[in-house]
Each structure stands twice: as structure tokens, then as C-alpha cells.
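Subject: Structure handover

Hello,

Please find the structure below. My notes on it follow.

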Amino acid sequence: MNRIETKIIIMVTNQLAAAKDSDAKTEMIEELSENLYQRYLELTQQGMPEDTALTTTMESLGDVEELLAFLRETETDTQENICAENAYGENTREETSEEQTDSDQDETHRENWTSEFKKDLGSGIDAFVNIAQATAKVAHTTVKATADCARDVAKEVSEQWKERYPDGVFSQYETPKGEKVDCTAVQVTDTLHSLDIRLMNGDLTLRLENAEDTLLKVEGDTQEVETFLREDGVLSIVQENTASASFFFLRGMRRCDIIVTIPKKMWNQIKISTTNGDVQIEDGLECRELHLSTASGDLQIGDLLCDQVTCYSGSGDLDLKNLTGNLYATTKSGDASVQGHLGRCELRSTSGDVEFHGESQEIKCSSTSGDVEIDLENIPPSVNLISTSGDCEVRIPWSDNMHINYRTVSGDFTTNLPLTTNMTKRRGEMTLGNGSDSQIQISSTSGDIEIYVK
């Protein structure tokens with residue numbers, strides 16, 4: 001650990017000195033210090049002097065009172081659990097002592113009817129108290145189990161984020177440069193041509209207004225976002241980017257769901273990224289370049305007129321309809337469904353299914369453990385479908401000038417094309433005409449291959 005890291009840890013610890021020592025406090029100090037240190041490195045790499053960078057870094061710590069309130073609440077829950085357990089143990093010891101006393105009195109004054117009555121009455125009261133104490137114990141046990149579960153989930157999520165962002169969160173969410181403006185209503189001029197929207201934990205809906213309306217409006221949890229207008233004509237809308245905000249956002253304790261309404265015009269570039277949230281773009285968006293990224297949310301787009309679309313989702317689904325232009329889309333564990341009239345289309349999924357319906361001049365689809373299904377309205381010059389352990393199915397119009405090559409290791413092959421001697425149930429190729437209009441290649445390791453002419 002170097003000198004600056006030690007300084008940051010000491011300063012963060014001093015900021016949280018009002019909170020009592022606990023595991024939650026230690027974890028918070030470690031995470032905040034690591035994120036702040038990454039912010040410091042970013043600033044120094046941009047040429048800022050060390051002292052200035054350290055001061056600026058600590059200013060980005062954020063709302064300390066919110067952090068202290070969280071630690072106080074955690075401490076209260078823990079203290080209540082401890083008190084409940086201690087009270088239960090003390091009551092148990094008292095009950096044991098009372099039961100022994102009652103037994104001695106019963107033996108000594110067995111023939112005394114009054115004493116017997118008192119004893120029975122006391123036993124009834126004790127039984128009632130025991131029931132109440134048992135109920136309280138169950139309630140406290142439930143609360144404790146819930147708190148323990150929440151802490152385990154928080155710890156697991158924290159470990160996942162450290163895995164996903166080993167260099168810290170701030171490296172993904174740099175503070176944008178530009179003039180800070182009111183996000184609820186921004187005047188859209190000819191010089192404002194691009195958008196950059198970045199959220200951590202929250203959903204985003206992008207809406208279109210008539211061209212006569214020249215205002216860009218943000219609705220929803222606007223208190224959680226900041227808007228910056230850059231000199232190069234880009235409007236940045238970012239979620240509060242402080243260490244304290246990141247601490248709560250990444251644990252799902254705070255959300256930022258917003259609706260951004262923009263004038264309907266041709267935008268140069270629109271970038272949208274969320275860490276944990278869905279993105280929905282309503283029909284009619286026009287832009288030259290669209291970049292969408294989410295770690296664990298779904299992406300949904302309809303009626304898009306765009307030259308280039310790039311989509312990425314870690315564990316969410318992609319649902320893209322009525323697209324034009326070129327498309328590159330990939331998801332790790334979600335499904336990808338695309339419909340449109342595209343130039344070049346490339347779809348990739350690690351463990352989800354891939355579907356395409358429409359036209360494309362060049363199409364490449366692959367999935368490691370999912371199915372690949374293509375329904376084409378035209379015969380593209382190039383078609384390449386690959387699945388490791390899923391099925392591959394393609395439906396195409398008839399053409400008398402195409403070449404088909406397929407291969408499967410342990411799957412079956414089915415087609416309504418006229419079979420030739422070069423086609424078997426495992427591998428084969430077929431050429432109609434000179435085969436120059438379309439080259440179709442399909443392969444699957446352990447899945448079935450199906451080729452149908454519509």
C-alpha cells in the first residue's frame with residue numbers, strides 16, 4: 001500500500017469517526033477508499049498535481065451523513081439482535097429458578113390448599129409469559145435472520161462488483177466535462193447533436209417529441225442525476241457520481257429511474273449505458289450512431305432509423321424491432337431477438353438464444369449453448385451460423401444460385417432441399433447454379449441443423 005492509499009484510508013476513517021466500529025464500517029471504509037484511490041489515479045493521469053488531485057478526490061466522497069445514517073441503522077439492528085438474545089437467555093435462567101422454587105414449595109406445603117392455588121395460578125402466569133417470550137424470540141430470530149441474509153447478499157453483490165470492476169467503479173463513470181445545466185429542460189439548438197446518458201442503478205426510457213418542440217426534458221428521479229453541456233455539442237446526463245452514491249447505488253439501496261424526452265431530429269451519436277437497469281427506446285429515433293450497454297438489464301428498441309447500432313448486455317435480453325443500418329449485438333446470458341432490414345448484422349450470445357427475422361446483406365449469428373434461428377426474407381450474399389451445443393435453423397426464399405455448406409458432429413440434419421450425394425446427416429454441401437449469389441455456412445457441434453426453403 002503506497003502513501004496516497006494510506007492517506008485516503010485515514011481521511012475516510014476520520015470522516016466516519018462518528019460511527020462505532022463494526023464489520024459494516026470496516027467494509028465501507030475499504031470500498032470507499034478503493035474507489036477514491038481509483039479516482040485519484042484518473043486525475044493524476046490527466047496531469048493534475050498530486051495535492052490538487054487528492055483534494056478533488058476527497059471532495060467526491062459525497063454525502064457523509066447518509067453513510068453515517070446507514071451505519072447507525074446497521075448498528076441499531078445489530079444491537080437489537082444482541083439485546084434480544086441476552087434477554088432471552090436471562091429470562092430462561094429466571095424461569096429455571098422460579099420452577100425450582102415452586103417445586104420446593106409444592107413439596108413443603110402440599111396439603112395447604114391456598115398455597116396450591118397460588119402455585120397453580122403462578123404456573124398459569126408463567127406459561128403465558130413463556131408463550132410471549134417464545135413469540136418474541138421467534139420474531140427477533142426472524143429479524144436477525146433477515147438482517148444476516150441482507151448482509152450476505154450485500155457482501156455477495158460487493159464481491160461481484162469487485163469482480164466486474166477490478167479497477168474501481170469510477171473508471172466506468174468519469175465525471176463529464178462541460179457546463180452544468182438544469183436537466184429538467186434543456187434547449188436543443190443546432191450545435192447540440194449528441195447524447196451521453198450513464199446510470200448505475202435505474203431504468204431509462206427514451207421518448208421522442210415532435211420536431212417543433214426544441215426542449216429536452218428529464219422526468220423521474222431527477223434529483224439523482226446531473227446534466228452537463230459540453231463544448232463539442234454533447235449533452236451528458238449522469239447519475240450522481242460520488243463514492244457515497246456509488247456505495248448505495250451498487251447495492252440496490254438507491255435507484256434512479258428517468259424518462260428522457262428529446263426532439264425528433266437526426267442525432268449524430270447517442271450513447272446509453274446502465275449498470276443495473278433496463279433501457280427502452282420508443283419508436284421513431286433517428287441517429288447516425290447508437291451505442292447501448294447494460295450489465296444486467298434488458299434492451300428494447302422499436303422502429304429505429306440508424307446507420308450503426310451497437311448493443312451489449314451482460315445478463316439481459318435484447319429485443320430489437322424494425323431496425324435499419326448495420327447492427328452488432330452481443331449478450332452473455334440473455335436472449336437476442338432482432339427484426340429489421342439491415343445491411344450487416346452480427347449477433348452473439350454465450351448462453352442465450354439468437355433469433356433474426358427480416359432482410360440483411362450479410363448476417364453472422366453465433367451462440368455457445370443456445371439455439372440460432374434465422375428467418376430471412378432475402379438471400380444474403382453471406383450467411384454464417386454457429387452454435388456449439390444448440391440447434392441451428394434457417395429459413396430462406398428459393399434461389400437457383402447459391403452454395404450451402406453445413407456440418408454437425410453429433411446432431412441431425414433436416415432439409416426440404418433436394419438432397420445430393422454430397423449431403424449426409426452429419427455434413428455436406430450443395431451448389432445451385434454457380435453458387436455466386438449466396439454463400440451459406442452452418443455448423444453445430446452437438447445440435448441439430450435445419451434448412452428450409454419457404
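The sulfur of C287 lies 3.4 Å from the closest cysteine sulfur, that of C306, which is too far for a bond. A disulfide is counted here when a pair of cysteine sulfur atoms is within 2.5 Å, and a search of the whole structure returns 0 of them. For C311 the closest cysteine sulfur is also in C306, at 9.3 Å, again too far for a bond.

On provenance: this is a predicted model, in which local features need pLDDT of at least 70 and side-chain atom pairs count only at pLDDT 80 or more, while totals for chains, interfaces and linings use all residues. Residues are numbered from 1 along each chain as its sequence is written, and side-chain values use heavy atoms, with hydrogens and water left out.

Overall figures

The protein has 6 helices and 23 strands; these are DSSP runs numbered from the N terminus, helices being H or I with at least four residues and strands E with at least two. Of its 454 residues, 41% are buried, where buried means under 20% relative accessible area, exposed over 50%, and partly exposed in between (1.4 Å probe, protein chains only). The exposed surface of the protein comes to about 23,100 Å², and carbon and sulfur atoms supply 48% of that; areas come from the Shrake-Rupley method with a 1.4 Å probe, and for residues only the protein chains shown count as cover. Among contacts (heavy atoms within 4.5 Å) with a separation of 6 or more, 50% are between residues 24 or more positions apart.

Strand 12 and its partners

Strands are taken to pair if DSSP finds at least two bridges between them. Strand 12 covers residues 299–313. It runs parallel to strand 10 (residues 279–281), with 3 bridges, and I281 stands opposite I301 of strand 12. Strand 11 (residues 286–294) is also parallel to strand 12, through 8 bridges. The cysteines C287 and C306 are bridge partners here, C306 being in strand 12. With strand 13 (residues 318–331), strand 12 forms 11 bridges, once more in parallel; L299 sits opposite L318 of strand 13.

Cores

A nonpolar core is a set of buried Ala, Val, Leu, Ile, Met, Phe, Trp, Tyr and Cys residues joined through side-chain atoms within 4.5 Å. The largest one holds 67 residues, and those with the most contacts inside it are L216, V260, I262, L285, L290, C311 and L327. Strand 12 gives the most to this core, 6 residues. A second, separate core has 24 residues, including M28, Y37, L54 and L67.

Two cysteines discussed above are buried: C287 has 1% relative accessibility, and C311 has a relative accessible area of 1%. Not counting residues up to four places away in sequence, L290 touches I270, I281, L285, I301, L304, C306, Q308, V309 and T310.

Helices 2 and 3

Helix 2 (residues 23–45) has 23 residues and spans 33 Å from its first C-alpha to its last, close to the 33 Å expected at 1.5 Å a residue; the expected span is 1.5 Å times one less than the number of residues. Just after helix 2, G47 adopts a positive phi of about 100°.

T57 belongs to helix 3 (residues 50–59) and is buried, at 0% relative accessibility. Leaving aside neighbours within four places in sequence, T57 is in contact with L36, R39, Y40 and L43.

Regards
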